[in-house]
Amino acid sequence: MPSLITPVMPPGSLNSSSQPTLLVDDGLLLRPWLPSDAAAVTRVFQDPKIQQWHLRRADSEDEAREWIRQWRDGWESETACHWAVADAGDNKVLGRVSLQSIIMVGGQAEISYWTAPEARGKGVCSRAVARVSSWALEEVGFNRLELGHATANVASCRIAEKTGFALEGVRRRALLHADGWHDMHLHARVHEG
């Protein structure tokens with residue numbers, strides 16, 4: 001059945017080249033995940049704050065390596081883009097930022113992120129989210145990025161506000177966490193071109 005619209009992002013918009021490493025100010029870089037990052041992922045997912053706001057935990061480096069394999073495969077299938085947020089000097093993993101649930105025909109994705117405990121409160125996450133957002137909307141051709149977080153996650157809401165994601169509403173009882181149902185804020189940025 002013929003489509004009535006031309007895809008905003010035709011197939012190959014992402015995977016026709018290797019996933020880029022994106023430079024961020026103040027010594028941060030966003031790079032594709034490596035299997036050797038499994039120990040860092042496992043360590044971060046033992047943190048109670050990570051477990052509070054996420055739906056899974058990593059119990060072993062083998063499990064984390066499998067996640068990393070899936071994250072890397074997302075680029076090839078054009079369904080997701082996952083970056084390690086790393087210190088540009090020593091390459092230490094400080095966090096993660098990703099575009100998930102990519103819809104190529106509409107140029108849409110959901111942005112998500114986390115920060116390692118030792119990197120919190122230093123603007124690491126907001127700088128990473130801002131860089132990926134500008135890459136997606138201004139360089140690649142995405143039309144809309146959505147950002148969702150539990151309404152009780154004040155730090156995540158601050159990141160959304162700092163990086164230009166307008167609050168569009170509340171999705172009531174939208175996500176089941178270990179401690180019960182969470183209402184979720186929905187924020188978004190759109191291409192302004």
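This passage describes the sheet of the model, one of its hairpins and two of the helices that accompany it.

The structure is a predicted model, in which local features need pLDDT of at least 70, side-chain atom pairs count only at pLDDT 80 or more, and totals for chains, interfaces and linings use all residues. Residues are numbered from 1 along each chain as its sequence is written, and side-chain values use heavy atoms, with hydrogens and water left out.

The sheet is a good place to start. Eight strands (DSSP runs of E, at least two residues, numbered from the N terminus) form an open sheet of mixed pairing in the order β1-β2-β3-β4-β5-β6-β8-β7; two strands count as paired if DSSP finds at least two bridges between them. The edges are taken by β1 (22–24) and β7 (166–177), each with a single partner strand, so one side of each has no neighbour in the sheet. From one strand to the next, the twist averages 25 degrees; axes here are lines fitted to C-alpha atoms, for helices over the stretch in contact, and angles run from 0 to 180 degrees between N-to-C directions.

Strand β3 (residues 81–87) has six of its seven residues buried, that is, under 20% relative accessible area with a 1.4 Å probe and protein chains only, where exposed means over 50% and partly exposed lies in between. On one side, β3 runs antiparallel to β2 (residues 28–32), joined by five bridges, and L29 stands opposite A86. On the other pairing, with β4 (residues 93–103), six antiparallel bridges are found, and H82 has S98 as its bridge partner. Five residues lie between β3 and β4 in this hairpin, and N91 in the turn shows a positive phi of about 65 degrees.

Further along, β5 and β6 are parallel, with four bridges, and E110 faces E146 of β6. Helix α4 (helices being DSSP runs of H or I, at least four residues) packs on the sheet, touching β1, β2, β3, β4, β5, β6 and β8, and its direction makes about 35 degrees with that of β4. Contact means heavy atoms within 4.5 Å.

Helix α5 (residues 154–162) buries S156, C157, I159 and A160. Viewed down the axis, these buried residues fall within an arc of 155 degrees, so they line one face of the helix; the arc is that of the directions from the helix axis to the C-beta atoms. They pack against β5 (108–115), α4 (124–140), β6 (144–150) and β8 (180–190). The face turned away from the buried side carries exposed E161 and K162. Just after α5, G164 adopts a positive phi of about 85 degrees.
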